[in-house]
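Student: I would like a close look at a single part of this model. Please take me through it step by step.

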Number of protein chains: 2
Amino acid sequence: MSTTDPVAGRHPLAGFFDPRSVAVIGASTDPNKLGGKPIRYFRDAGFTGAVYPVNSRNAEIQGYPAYASVEDIPGPVDQAMIILPAAACLDALRACARKGIRFVQVLSSGFGEAGPEGRAAQDELVALAREHGIRLLGPNCLGLVSVRNRFFATFSTALEALVPLPGGLAVATQSGAFGSCTYAMAIQRGLGLSRIVATGNEADVDVAECIDYLADDPETRVICAALEGCGDGDRLRRALAHAAARAKPVILMKVGTSAVGVAAAATHTGSLAGDDAAFDAVFAEGGAWRARTIEEMLDIAQLCLTQPVPANDRATLITVSGGIGVLMADAAEAVGLDLPPVPAALADQLQAILPFAPVGNPFDTTAQVGAVHDGVVAVARTMLQAMDSATLLLYVAQMAAAPARFADTHASLLRLRAEFPDRALVLIGPSDEGLRRQLETEGFAFFTDPSRAVVAAGAAVGLVQRREQARALAAFGRAVPGEPAQAALAPVADTAQARGSSRPGSAPAGAHVLNEVQAKQLLRQAGLPVLPEHLCTDPAQAVAAAQAVGYPVVAKIVSADIAHKTEIGGVLLGLADAPAVQAAFATLQERAAAAAPGARVDGVLIAPMAGSGVETVLGVHRDPIFGPMVMFGLGGVTVELFKDVAFASAPLSPASADALIDRVRASALLRGWRGRPALDVAALRDALVRLSAFAVAHAEHLDGIDINPFLLQETGGWCLDAVVSWRAPA
Amino acid sequence: MSTTDPVAGRHPLAGFFDPRSVAVIGASTDPNKLGGKPIRYFRDAGFTGAVYPVNSRNAEIQGYPAYASVEDIPGPVDQAMIILPAAACLDALRACARKGIRFVQVLSSGFGEAGPEGRAAQDELVALAREHGIRLLGPNCLGLVSVRNRFFATFSTALEALVPLPGGLAVATQSGAFGSCTYAMAIQRGLGLSRIVATGNEADVDVAECIDYLADDPETRVICAALEGCGDGDRLRRALAHAAARAKPVILMKVGTSAVGVAAAATHTGSLAGDDAAFDAVFAEGGAWRARTIEEMLDIAQLCLTQPVPANDRATLITVSGGIGVLMADAAEAVGLDLPPVPAALADQLQAILPFAPVGNPFDTTAQVGAVHDGVVAVARTMLQAMDSATLLLYVAQMAAAPARFADTHASLLRLRAEFPDRALVLIGPSDEGLRRQLETEGFAFFTDPSRAVVAAGAAVGLVQRREQARALAAFGRAVPGEPAQAALAPVADTAQARGSSRPGSAPAGAHVLNEVQAKQLLRQAGLPVLPEHLCTDPAQAVAAAQAVGYPVVAKIVSADIAHKTEIGGVLLGLADAPAVQAAFATLQERAAAAAPGARVDGVLIAPMAGSGVETVLGVHRDPIFGPMVMFGLGGVTVELFKDVAFASAPLSPASADALIDRVRASALLRGWRGRPALDVAALRDALVRLSAFAVAHAEHLDGIDINPFLLQETGGWCLDAVVSWRAPA
């Protein structure tokens, strides 16, 4: 029997947050036991719906009539919380199914987190839930809190310590303790909350889906979330895109790094990826901001909650102290907030107000501003009128630490707020806590530490920029672009033999690393630029090949078993004539035999010299969560030592390829470094786009690709060496 | 007449902080005016000494008898505060001199900060003070506060908002607003203060000397300071060394970057230095810690004030949450805190206490610890007994946010504190503010944000390590080491002519950049390794030189006017025979004439090929504040793009040269990178030490040196190119 009639258009998770009734299965008469706390919280908070304790031993629990089974409850039940030993949970879920309950929280532990048996029990829960159309939160979760309707469906002790205030901040975390800490820190600074949810083992509902729900939730204006992992990368991508489309700021933390992706990686790109690089890329692509600390996450949320969305990245900075101004200006530069100079006409106006103060942005009123009636606000008004900076950073020293003395300034600030409704007004300085909170309700953001204020303001601007990029990316779509036009590339001699199981254009059946010739064959077909090369199995072939491509030539040993051919002397450059080629052929065979006695040697590759350029690295890493991710970096130490690489989800649009290139600091070397000529970045962009399309087309079978180096030249570029690794069949 | 008899052995600044009497010159009857506030503060706070308002218009001011002049005050006066218009200050100081007052604060503005006239007036004040043995604080300063004796000698509004608590933290800043902000933030978190001083224009007393005083001050246990500049680098060095010798933590901020050093730099090293790199180096060498934000400075101070000095860099991390544990473990790695693994025997003990918890460090008790009586503290005790980690990081979730429920744990923690008096015990989590403060008075450090706790704990450990290094450096001394033994280096052919005004072994009179030959001549004499090279002025000389050094050779254009000879094609490598050398000679002359028509060309340098190695960059920058600073970095993009260079004060000991090399990330390339052979780091160390000694010997005249590249090889290394720049005479 279906007791809940979901309203058409309601989000699939809405029933978790806004139920009309809840059954607590495993309810306790002791308000301090796990099964007693939610009952107490509902009662004390005044949950607006019906509460049904379920417990076979009591007729009444904490003042509510109790039932031996959910099936005994008269009328419909929207949601159940199961707080029982793990072994009893499946039966309880069966009873919920019979009662027609569609939303069930399993707070009990002893499931997926507790070894194979628990994992099996969890799978049984999930199967049963799926069969009956039940959505499952948990198991092993801390529950959820919905503030406005006083639905305190959790046994977290955080609720005993701190009463939530209603407001626009939602917190979704996998870890209950992480969520409780974030909750407590939010309450302590006076931030009002809409929804708090901890997803635990995420057998069904995960943080990503909660973000998706919160993006639609009218009570939520800002979303803070913390992930330890991610079960479904595309679900997270969709949720972030959804929140970006709704223009809701998402501030994320990701803790814990898994070595799984790294250990399994056959490619260099994979070893550089970890799983953090993929999360970083996916967060940014989704318009979200990654915070480094819980405090920083809440700082950014606080600014977004109290201030209008900044229309540009410009800020006006006013302080009563030169030193603090410089500190904040340095921080602004670091977070990408622009402090435009003061126009000449404005300078005159400012001099008229404060003749003693040096004009600039930051503007230092000097402490003498205290002698000018309403001086600080007058300066702020004048600067806001003359400059279109979306953000005002106003260091008010300890003026707000003495509320009695702040009355005039306070009144003046309120007028300023009304005059500039579309600007972010950020007050900074040590303050009285009550006054600070009042000012926040009146439309200001207020921070004590100057540096933290700037970081938060910068993140608010960054969030807007990222959301715009995310919407552009969504418009490009994640569909695979059409096959690259091969005709657009120089035709190449194709004498190389595809070997082993690599069948050009289709994925091979076996799991293995392709040799250079095979790898390049595939890349050439994907439209990437590969030099005309010849795989030769005897010296005469090699000399003929050299004559065909033209002297001087390069000779390389070809073996899928020799990954680092330069390290064994397996690459000989600048061979000028036939004798040199013949000698090289013999030398390479000898070196391969000496360095890797068992290696299967496929022959010697003869190719023309590529000429000069800058060596870059292009790669693909199949992230276990997020699928193919494209990597870009420059050759040499910038990648190895400084990890100066960037990742982006495949496929890339030309614009996202450009953004990927720009995220690598060493890319400056490509754009006319110190008087050297600019290189063909368009060719690089094109190669990245084609590589990403290839990766998507072969996502099912591809493990990873290294193109190292991709030599970028003044005109065009070349894949000079490549590794392609196919996955073992599942 | 001398009214103050300084106690023998007292610090020269002690009279500022512990006077028995103070005259306020320019005292006001209005307690809210600048001249009235200090009187009010003294009265309200109960300053233990005598207060003498000086004001010609009133016989009594705010309850104190007033005097028309300091000279009318009966009996001795230890200190005077001058709060008058700038024009009246000199007369007031004269009166102080006549009265025999030795310590004078000038709080008035309108001096050095206000243009040339103010600068002249400030110089007059200083001259008068020097003449009479008066120490001067300010002018344009906010004054000082000495908490225990209630000497509130300031007109800062911060004192109206927040009453200082007595304690061990001293705050010394140049900027009054910076000091007030730090003061207010310290009070708001319950940190007790000893002394607060703002030095303003620093005409006499500067922040460095205040640090020196505070190092001796028995009431001060931790020193926080903020600099905007530094008038005397060696004074700052001595002050930091003094504090390190006293084992007092010094936590510093430096705001504002001056472009002076950069703009004036003739060398590449100079352009990389800015002035921030020198401050960074001097802070670290002095055993001090640089904080990035005011909040971080106070976090570190708070930990140092409440906890014993950590005896090692190891930490034990216990949380009731896996996610928070990972967050903190990541932060610990970033700050260099070691989390040693749990020994097997300890693992068994921990399993006996909490059978359900996975053993490790971080140790996650899981939320189920709530069901085990005293579980968290029992785990902490067991781990502290079995592991010698100096720091315990204990995330207690929101346990301390509900004081009533915390009583048992609180009592248990107090026993733990008594049992482990030498460990740093850091509690972390959202907390009730009153309870948090109580726990801090009971010997715990308590932080809300997990990441901030780890950063502070890491800094406390880093401070100890730096102080030890600073003491070792002090033992090495800043004296110039003996002349390097030239015999230890390979003898070199010395055919190069010293030209212009560069006289080997002595500083030249003119200000200019030496050409490569001249520069190398000096470096060779300083004991640095230079290849046998010949400056040739005609092709025949060049061929003879090539035969002398042996083919293949390098030919380079020599001109002090051509700084970037490679960019004009001014270096030709691998010349194999006489015709090649002759042709090269002509080519170089042509290229120099084409690229730099007016350049003075001194000839062509013929040198042997150096062979393979890694290119490094050695440099000296004469910092205007700190004197010669030695730079080290690796060639190429690591320096240009990633600013991967480090600076250290000259002279270097072998140990400090090693430390300098280690601070460069790319140094990994020197120590056997990816199977390549390790290079001769001892030769590099030797070159840096000799370079630093040379820099000190010529400190008066040297502007800067670039040795770029210094080619480091498997055995030895060579200065392949060099620029030496001498200063213009003062």
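Student: How are α20(B) and α21(B) oriented to each other: roughly parallel, roughly antiparallel, roughly perpendicular or oblique?

Tutor: Keep in mind that this is a predicted model. Start with the two helices. α20 covers residues 539-549 of chain B, and α21 covers residues 578-595 of chain B. They pack at an angle of about 135°. Their axes lie 9 Å apart. Only angles over 145 degrees count as roughly antiparallel, and 65 to 115 as roughly perpendicular. α20(B) and α21(B) are therefore oblique to each other. The crossing of α20(B) past α21(B) is right-handed.

Now the residues in between. α20(B) contributes B:Pro539, B:Ala542, B:Val543 and B:Ala546 to the contact. α21(B) contributes B:Ala578, B:Val581, B:Gln582 and B:Phe585. By class, the contact has 7 nonpolar residues, 1 polar and no charged. The polar one is B:Gln582.

Next, a sheet in the same chain. Chain B has an open sheet of 7 strands with mixed pairing. The order is β9-β8-β11-β10-β12-β13-β14. At the edges sit β9 (151-154) and β14 (289-290) of chain B, each paired on one side only. β9(B) pairs with β8 (residues 143-146) of chain B in the antiparallel sense, over 4 bridges. One bridge there joins B:Leu144 to B:Ala153 in β9(B).

Finally, the two chains. A turn of 180° and a shift of 0.1 Å along the axis lay chain A on chain B with an RMSD of 0.1 Å. That relation is a two-fold axis. In chain A, the C-alpha of A:Thr638 is nearest the axis, 3.7 Å from it. Both copies use the same surface: 98% of the contact residues of chain A recur in chain B.

Note on methods
Residues numbered from 1 in each chain as written. Chains lettered and ligands numbered in written order. Predicted model: local features only at pLDDT ≥ 70, side-chain atom pairs only at ≥ 80, totals over all residues. Heavy atoms only, no water. Pairing = 2+ DSSP bridges. Least-squares fit on C-alpha atoms with pLDDT ≥ 70 in both. Contact = heavy atoms within 4.5 Å. Axes fitted to C-alpha atoms, helices over the stretch in contact; angles between N-to-C directions. Parallel < 35°, antiparallel > 145°, perpendicular 65-115°, else oblique. Left-handed = near helix turned anticlockwise from the far one by under 90°.
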